[in-house]
Every structure is written in C-alpha cells, then in structure tokens.
Amino acid sequence: MNQSSLSLFRSRAFTGAAFMVLAGIAFAVLNVVTQWLAMTLGFPAASTAFWQYGFALVLSLPLLFRLGLKAMRTDYPLRHALRVLLAAFGVQAWVMGLATVPIWQAIALVMTSPFFIIIGARLFLGETVGRDRWLATFVGFLGAMIILQPWSDSFSLSALLPVLSALLWGGSSLLMKNLTQFEAPETITVWLLVLLTPINAGLAMASGFVIPEGLALWLLLAAGLLTAIGQYLLTLAYNAADAAYVQPFDDLKLPLNVFAGWLVFGYAPSGYLWIGALLILSASLFLMLREAGREARSN
C-alpha cells in the first residue's frame, strides 16, 4: 500500500465517511426489521418505537455500567433533551411511514434531510458549505428523486411522514454535531438511549401499549441491538468530520435499503433505480476524495 493510500485511510474525511456508511448498513437492516413488524406482523408503530429503543438501552447497560454516572455529566442538558425530543418524534413519524409505504419510497423521501442539515449547518453552526458540498448533496438528492419518480407516483398524506421525520432528524443531527464540540461520543449516545425510553413510553401509552411475544419479541431485540450500534456509529461520523461533509454519505442508505427491501419483501422500483444509485455513489466518492485531498494539502 503506497503513502497516498495510507494518508487516505488515516484522514478524518475517510474516517467520517466510513462511520457514516457503516451506520447506513446497520440502519438498512433495522428498517427491514421495522417494516416486517409493521406490515407483516401488524405491530403498532408507537409500541415498536418504545420496545426498539428500550431494548437498545438494555443492551447498552454494559456500556453504561463501564462509564458510570460520569457519562451523563454535561453542561448542556437542555441541548441533549431537545435533541432527543426531536429524535423521538422523528422515530415515531418514521415507523408510522414504514407501516404504509415500501422501504425504497420511504428512504427516497427521507433523503430531503441533507437539505435541512446543510442549511442548518450554515445558519446555526457557522460551517462553510462550499460548492463541492452543495454539488454532491444536490446530485445525491437528484439520484433519490430519479429512483422515487414522484411525477409518476400518487402521494397520500401518510407518504409524507418520512419527510416529516427527515425534518425532525435534521434538527436532531445538527444538535448532535454541535454537542460533539463539547461532549464525548459516549455521552451523546447515552443521553439519547436514556431519554428516548421514557418519551417513547408516554407516546406508546397514549396510543395503546402492546407487549411483544414470539417472533415480534425477537425482531424487537434485534432492532434494539441495531439501533444502539447505528446511533453510536452515527455519532462517531459527526465527531470525525463536518456535518455538511458527512451528510452526503448518508445518501448511500438509499441503494442499501432498496436492496434490502427487494431481498426481503420483493419491492422492486423501476430500472431508473440504478441510474439514481450511480449518481449517489459517484457524488459520495467525489466528495470524499476532494475533502481528503484538501485535508492533505492543509497539513
């Protein structure tokens, strides 16, 4: 391996991109599990969100015990609480959306999130959003729209739930990025897991609480594990690089989820899928190489 390759793998640009891609893989599997619970087993969305994050909290107890109460120590409790509240309502909107639309369509709609995040990063975090970042984000979103083909699909109000979740998660992601300037990734993850459970419990109680059993129980345990892993990887990605940079790599969740939806449920979008996926992959690779090159020149 030459020196250029070693520099690429050691760069913060590559690290941030790698963590975001790994998080996307974890969330793709999680979405399949969630949609199976909603569409096949008919498990209520609010109860799904509660048990999913409740099990994630239980599975994270070894981490909590290892870190102790010091992991909860912060000078920014309101920022943590607001971030988790936005994430909780985003989860509710997302799970409800997966109960009504195929995975690939939901993912394509939720990919409006980069616009919310990049605009928010410029307005609230003061990050520089240059031409390359805008271009990569636009191309990635264009790829999503080619796959979705909104001009040929009939939308219902329920199909817009993923867009609502994108807006809520965009706000949550911006607060996460802000917190990474002051907090360790473990602290951010622990606050999310601890606060989401009581919030989701209240929402589940309000809509009719359901206790899982049989296959639903095993699927929710798997969802909890994937949630804990995915959230931690996401935090590491935002900790490694700018939010406006790593966000386009989140676009890779589209081909990942399309493949997962086709493999498990037989959802098959049109052949335009591959054109859109190529645009998304090309935009992400272009941005990673440009950022890594810029970082190398500044050192």
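## A first tour of an all-helix chain

At 13% relative accessibility, Phe-50 counts as buried, a label for residues under 20% relative accessible area, while exposed means over 50% and partly exposed covers what is in between (1.4 Å probe, protein chains only). This is a predicted model, in which local features need pLDDT of at least 70 and side-chain atom pairs count only at pLDDT 80 or more, whereas totals for chains, interfaces and linings use all residues. Residues are numbered from 1 along each chain as its sequence is written, and side-chain values use heavy atoms, with hydrogens and water left out.

**The chain as a whole**

The secondary structure comes to 14 helices and 0 strands. Helices here are DSSP runs (H or I, at least four residues), strands are runs of E (at least two), and both are numbered from the N terminus. Read from the N terminus on, the elements run α-α-α-α-α-α-α-α-α-α-α-α-α-α. The chain has 299 residues, and buried ones make up 53% of them. Its accessible surface comes to about 13400 Å², and carbon and sulfur atoms hold 70% of that. Such areas come from the Shrake-Rupley method with a 1.4 Å probe, and for residues only the protein chains shown count as cover.

How much of the contact in this chain joins residues at least 24 apart? Among contacts between residues at least 6 apart in sequence, the share is 91%. A contact means heavy atoms within 4.5 Å.

**An aromatic cluster**

Back to Phe-50, which forms one aromatic cluster with Trp-51, Phe-55 and Phe-209. Rings of Phe, Tyr and Trp (its six-membered ring) pair if their centres lie within 6.5 Å; planes under 30 degrees apart are called stacked, over 60 edge-to-face, and the rest tilted. By this rule the count comes to 6 aromatic pairs. In one of them, the ring centres of Phe-50 and Phe-209 are 5.3 Å apart with planes at 65°, so this pair is edge-to-face. The pair links distant parts of the chain, with Phe-50 in helix α3 and Phe-209, 159 residues apart from it, in the loop between α10 and α11 (215-240). Phe-209 is partly exposed, at 32% relative accessibility.

Trp-51 and Phe-55 make another pair: their ring centres are 5.6 Å apart and their planes stand at 35°, so the pair is tilted. These two residues are separated by about one helical turn because they are 4 residues apart in helix α3. Trp-51 counts as buried at 17% relative accessibility, and Phe-55 is buried too, with a relative accessible area of 13%.

**Cores and a surface patch**

In soluble globular proteins, nonpolar side chains tend to be buried together. A nonpolar core is a set of buried Ala, Val, Leu, Ile, Met, Phe, Trp, Tyr and Cys residues joined through side-chain atoms within 4.5 Å. The largest one in this model has 39 residues, and Met-20, Tyr-238, Tyr-245 and Leu-254 touch the most other members. Helix α6 (residues 103-110) gives the most to this core, with 6 residues. Apart from it lies another core of 14 residues, including Leu-30, Val-33, Leu-37 and Ala-204.

On the surface, Ile-119, Leu-123, Phe-124 and Trp-134 form a nonpolar patch with about 460 Å² of accessible area together. Patches are made of residues with over 30% relative accessible area and no salt bridge, with like charges joined within 9 Å and nonpolar side chains (Val, Leu, Ile, Met, Phe, Trp, Tyr) within 5 Å. A salt bridge is a side-chain nitrogen of Lys or Arg within 4 Å of a carboxyl oxygen of Asp or Glu. Helix α7 (residues 113-124) gives the most to the patch, with 3 residues.

**Four residues to look up**

| Residue | Helix | Relative accessible area | Class |
|---|---|---|---|
| Leu-123 | α7 | 60% | exposed |
| Ile-118 | α7 | 0% | buried |
| Thr-187 | α10 (residues 185-207) | 8% | buried |
| Leu-59 | α3 (residues 45-59) | 41% | partly exposed |

Which residues does Thr-187 contact, leaving aside its neighbours within four places in sequence? They are Ala-71, Arg-73 and His-80. Leu-59, not counting residues up to four places away in sequence, touches Leu-221, Gly-224 and Leu-225. The C-alpha atoms of Leu-59 and Thr-227 are separated by 10.0 Å, with their positions 168 residues apart along the chain. Ile-118 and Thr-137 are 19 residues apart in sequence and 8.6 Å apart in space, C-alpha to C-alpha.
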